[in-house]
Amino acid sequence: MQYLIQLLISGLAVGAIYGLIAMAFAVIYKSTGLVNFAQGEMTMIVAYVAWTISTTISGNVFVVAFGAIVAAVLLGLVIERVVMRPMLGEPVFSTVMVTIGLAVILRSSINFIWDAYPHALDLGVGRHVVRIGSIGVRTGQIAVITTLLLLIAGIWAFFRYSKFGIAMRAVAADDRTALLMGISAPRVHGFAWAASSAIAGIAGVFFAMSYDLSPAMFQLGLKAFPATILGGLDAVLGSGLGGLLIGVTENLAGGYVSSGMKEVAGFLMIIIVLMIRPFGIFGERDIERV
Amino acid sequence: MIASSQPHPSSDPPTSAREGMLEFRNVRIVYDNAIEAIRDVSIAVPAGGIVGLLGSNGAGKSTLLKAMSGILYTEEGRLENGSISFRGASVDSLAPDELVRRGIVQVPEGRRVFPALTIDENLQMGGYTRSAAEIREQREKVFGLFPRLYERRDQIAGYMSGGEQQMLAIGRALMTRPMLLALDEPSLGLAPLIIDRIYEVIAKLRDELKLTVLLVEQNAQRALDICDYAYILETGRVVLDGPPCKLSANQDVQEFYLGMSGSGRKSMREVKHYKRRKRWLS
């Protein structure tokens, strides 16, 4: 029983990281209709920036968190303005190819700007173990799960109640009609990229704190993408929960079946779920009415 | 292109004699640097009236509306020549959101409500450029005009009937607090009874809300019944314009648009007429 609970907790913790990145995918998809294949790389860059801040400026966790979020927002805005906006109105396929190109460039930039060795992002927090009965939980694990849940609630309220949130949904559905209503699609897209980059960046910092920083971190994006598909590409909240589901499934399969199953289990679940609900667990079926 | 028993309208002085709230002057619009959609069109929409813009598919009606709303660029279209002015100021290089702020809005062809948003959220998006207080005030007006929208305000727009969606699309455009409202084929795909309702509303917009309306229609009968002045567009040119009574009396308009039969036509004249007819209806 204790083993199960321990597996569940570490599954939820890693799932929360997948969930955050999955939400970052979904935010961009929901407002621009694009899948950003550079999401994992953006996550990695922000984590490296956080590490640089911690080793050069200050190791204070708040300073690092603030600096990382600012860097993430800037990264998102710059990518949107320089790379994505000129692609506005071009075929989706070309635009997605651009994000793949961007991914490769960002990935290699780690080696140019930093180096190829693993580093530890040690901010002096997150590694303490809290004991609840006989079960040990690291504070970092509690923090990442809490962050995910708070962001899920916050983003849900944002899309549901704020004018800008509703405008993002409107632009995603029909950007030309949104233009006719005076909604500036470029501004909405810029905001989506900034928000998505910030969410993914937070995930990257949490990951680096719990595990390690390395040039292979971009693979987080590949792990999180299935969570987005599972939850529904257009469902930001579903993506967050999809991340948790994949994290837990992976851990249970790894703990009870074999460690080799850990890699496979998540994808196996996706195949089964998509056969039953092709638009994801929480995704919206297209409303067709003429 | 139109032969008629009446004095030919193009012998009238050019339409620049008519002054309007919205004016297209010698407009030429080209898509993709190659396709000339509008050749040389001058149209004036005077304040407080309904101006009809009639013509068959591909005549360039929607292109003019896109130019008016500043969204030609989304389809690689460009205003090559001429100008568009609104209340005396040139507006042809303004961004779409600025045009909406100045009071120009259109209800696009096919209604295009945001399907996954509720009716209330759709209306809020119409008021995007306005303050929260203005949105509340304007929403009351729209609900007054369309009680049905109030009843269903929390429902998903995509599941409404075509007529209700058209009303929502008009309501959403009204949320921008426009001075000039353009409607692109509001009767398209709707049942005759529903079209009656829509046209009652359009008349109300002019008479009660004092709006200026630019009405684009293929359904000439309906449009001529309501508008104060009309232009007929054919392959990118204005071929005929005038008050509706004058257009309705024109023999070609009667036959091609109003569906009255041109009885008593014979011989060569009929053949030529047939050719023109084919052009018109193609």
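In what order do the strands of the open sheet in chain B run? Going across, the order is β6-β7-β8-β3-β9-β10, so to speak a row of 6 strands with mixed pairing. Strands here are DSSP E runs of at least two residues, helices are H or I runs of at least four, and both are numbered from the N terminus. Two strands pair if DSSP finds at least two bridges between them.

Quick housekeeping: this is a predicted model, where local features need pLDDT of at least 70 and side-chain atom pairs count only at pLDDT 80 or more, while totals for chains, interfaces and linings use all residues. Residues are numbered from 1 along each chain as written, and chains are lettered from A and ligands numbered from 1 in the order written.

Okay, back to the sheet. β6 (104–107) and β10 (237–242) of chain B are the edges; each has a single partner strand, so one side of each has no neighbour in the sheet. On average, neighbouring strands are turned by 20° against each other, direction ignored. Those axes are lines fitted to C-alpha atoms, for helices over the stretch in contact, with angles from 0 to 180 degrees between N-to-C directions.

Inside chain B, β3 (50–54) and β8 (212–217) pair in the parallel sense over 5 bridges, and V51(B) sits opposite L214(B). Helix α1 (61–69) of chain B packs on the sheet, at about 145° to β6(B). Helix α6 (162–174) of chain B packs there too, touching β6 and β7, at about 170° to β6(B).

Last, the partner chain: 24 residues of chain B are in contact with 19 of chain A, contact being C-beta atoms, placed from the backbone, within 7 Å.

Conventions:
Two residues are in contact if their C-beta atoms, placed from the backbone, lie within 7 Å.
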